[in-house]
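Visitor: I have a model open with a ligand in it, and I'd like to learn how to read the binding site. Can you walk me through it?

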Amino acid sequence: MSKKVLVIGEAREGSLRNVTFEAIAAANIVSDGGEVVGVLCGDGDLNEMGQEMVYYGASRVITISNPDLKTYTSDGYGQAVYRVIEDESPEGIIMGHTAIGKDLTPKLASKLESGLISDATEVVADSGRVVFTRPIYSGKAFEKKEITDGLVFATIRPNNIPAFTRDDSLAGNISEKEVEISNIRTIIKDVLRKSSDGVDLSEAKVIVAGGRGVKSSEGFEPLEELASVLGGTVGASRGACDAGYCDYSLQIGQTGKVVTPDLYIACGISGAIQHLAGMSNSKVIVAINKDPEANIFNVADYGIVGDLFDVVPKLMEEIKQMKV
Ligand code: FAD
């Protein structure tokens with residue numbers, strides 16, 4: 001049965017995050033030929049971003065522009081999106097499993113008295129059933145979930161469900177909704193970004209990660225260079241963060257970020273279970289470690305036993321040659 005499905009879009013510094021387009025693709029699967037309605041909150045003209053959502057497969061988009069929605073707060077976005085949900089009565093809601101998605105969706109689900117399937121890595125529709133796959137036990141196993149009655153509410157993990165190809169011949173209505181926002185209890189004074197180059201780790205296609213084997217903050221420089229040659233970004237193990245070689249915003253793992261890039265290059269990382277919890281579902285894993293017994297080799301597709309300070313520059317040269 002076809003459904004009306006809302007997609008809660010997410011923007012950063014004036015551009016939509018890629019996971020918004022992936023959520024639209026997931027919503028199209030859930031809607032089964034029904035309507036996919038984008039929702040976008042912010043301050044100023046949101047028309048252009050609304051248009052992008054249409055080009056990626058939203059049937060129409062509702063924008064809510066309000067100075068109180070300039071930066072994300074649970075209270076502000078919660079009220080704005082809830083108003084849209086009340087007016088639209090969707091049968092499904094999809095959002096990215098991002099920091100904002102993880103904060104906003106449980107609050108909405110609780111208010112709507114609905115369930116929530118979080119962190120889905122796959123959505124499949126079959127004969128009217130919609131089945132979500134999600135990791136459990138820190139990614140060591142996967143479970144299948146289905147909502148058989150009521151609102152289909154889910155968050156999707158970035159980089160897992162492919163977005164549709166952008167098609168600027170697609171057309172859809174973009175309407176602006178006025179929502180009165182009140183009682184925002186959080187005051188955002190400033191937003192400080194600490195990632196190495198502004199690329200969000202959870203959406204990066206290529207990650208070059210360093211561990212304690214990198215030995216110093218200067219030791220991260222060849223990794224940054226390799227990441228830049230590959231069009232990727234740098235991540236780290238907690239060992240490297242604890243040692244003060246890099247900022248905790250780069251930490252990948254159970255208590256850091258969960259990533260699923262196309263390529264993960266682990267340099268001087270032993271492969272502790274808590275680190276694997278954040279990266280073992282990467283599509284291709286390359287490990288560089290001087291210890292042939294290191295656990296990281298058990299999850300690696302390609303392993304290089306050697307000193308990272310020899311291997312990384314050589315790898316970089318080879319890649320540069322290939323690009324010429
Ligand atoms: P190490 O284990 O010290 O490994 C360093 C590796 O570098 C070794 O394998 C060594 O052979 C290699 N090496 C050294 N020099 C070189 C060189 N020149 N060239 C090549 N290889 C070299 N960890 C995380 O990463 N993320 C988490 O989210 C996380 N959460 C945790 C939560 C809890 C509750 C706990 C208890 C721990 C958590 N940890 C986490 C920590 C985790 O258990 C490990 O301590 C940590 O991952 C180790 O980091 P590492 O691999 O960089 O360091």
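Visitor: Which backbone N or O atom lies 3.4 Å from an oxygen atom of the ligand?

Guide: Keep in mind that this is a predicted model. For a polar contact, look for a pair of N or O atoms within 3.5 Å. Here, a backbone N or O atom of Gly239 makes such a pair with a ligand oxygen, at 3.4 Å. Gly268 also uses a polar backbone atom, 3.0 Å from an oxygen of the ligand. With Ser237 the side chain takes part: one of its N or O atoms is 2.5 Å from a ligand oxygen.

Visitor: And how much of the ligand does the protein bury?

Guide: Start from the ligand taken alone, which exposes 990 Å². The protein buries 76% of that. As for location, the ligand sits in the second largest pocket.

Visitor: How many residues surround the ligand, and of which class are they?

Guide: The shell has 26 residues, with Arg212, Ser237, Thr255, Ser270 and Asn289 the closest. By class, 15 are polar, 6 charged and 5 nonpolar.

Visitor: Which helices supply at least two residues of that shell each?

Guide: Helix 6 (238-242), helix 7 (273-279) and helix 8 (308-323).

Visitor: What confidence does the predictor give?

Guide: The chain averages a pLDDT of 94, and 98% of the residues score at least 70. For the complex, the ipTM is 0.99 and the pTM is 0.86.

Technical notes
Residues numbered from 1 in each chain as written. Predicted model: local features only at pLDDT ≥ 70, side-chain atom pairs only at ≥ 80, totals over all residues. Heavy atoms only, no water. Near = heavy atom within 4 Å. Polar contact = N/O pair within 3.5 Å; in protein donor to acceptor, adjacent residues only side chain to side chain. Areas by Shrake-Rupley, 256 points an atom, 1.4 Å probe, with all protein chains shown as cover. 1 Å grid on protein atoms, 1.4 Å probe; cavity = no way out; pocket = protein on both sides within 12 Å on 5 of 7 lines; lining within 4 Å. Sits in = over half its atoms within 2 Å of the grid points. Helix = DSSP H or I, 4+ residues; strand = E, 2+ residues; numbered from the N terminus. Nonpolar A, V, L, I, M, F, W, Y, C, P; charged D, E, K, R; others polar. pLDDT = per-residue confidence, 0-100.
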